[in-house]
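Subject: Structure for you to look over

Dear colleague,

Please find the structure below, followed by what I found when going through it.

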Amino acid sequence: MVCGGFACSKNALCALNVVYMTDVINASWWVMSNKTRDELERSFDCCGLFNLTTLYQQDYDFCTAICKSQSRTCQMCGEKFLKHSDEALKILGGVGLFFSFTEILGVWLAMRFRNQKDPRANPSAFL
């Protein structure tokens, strides 16, 4: 299904609220392999996902991020993922709005110039 224009951008941004993004991140975290989790924890410099489950302490104990060796506590990865996804959605919304307004401009130009006279034809004849 293809959506066009302003409505698609607005709906995409409004539909992905924090609760929905938290559920998606939480579900995908427990599906991925331990190697992928370790790579994410090292690259984002965080430990664990959210403190919502009983598996959080076990996940935090096996963390290999740099922040754990430098300080006693690390920021949770879920918070960093939410902040990163929020920034990405803002950029995505801006791109969507840009293309929406260019679509409107294209429609206006097409309606403006579609019934012009052909200069090579009879001056009193329309296309």
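Ile91 is exposed (over 50% relative accessible area, taken with a 1.4 Å probe and protein chains only), its own relative accessible area being 59%, and the residue sits in helix 6, which covers residues 77-113. Please bear in mind that this is a predicted model, in which local features need pLDDT of at least 70 and side-chain atom pairs count only at pLDDT 80 or more, while totals for chains, interfaces and linings use all residues. Residues are numbered from 1 along each chain as its sequence is written, and side-chain values use heavy atoms, with hydrogens and water left out.

As for the fold, the chain contains six helices and zero strands, where helices are DSSP runs (H or I) of at least four residues and strands are E runs of at least two, numbered from the N terminus. Of the 127 residues in the chain, 24% are buried, meaning under 20% relative accessible area.

One of the buried residues is Glu41, which is placed in helix 3 (residues 34-44). Glu41 has no salt bridge, that is, no side-chain nitrogen of Lys or Arg within 4 Å of a carboxyl oxygen of Asp or Glu, and the nearest side chain of opposite charge, Arg37, is 7.0 Å away; here Lys and Arg count as positive, Asp and Glu as negative, and His and the chain ends are not counted. Leaving aside residues up to four places away in sequence, Glu41 touches (heavy atoms within 4.5 Å) several residues, among them Trp29, Asp59 and Cys77.

With best wishes
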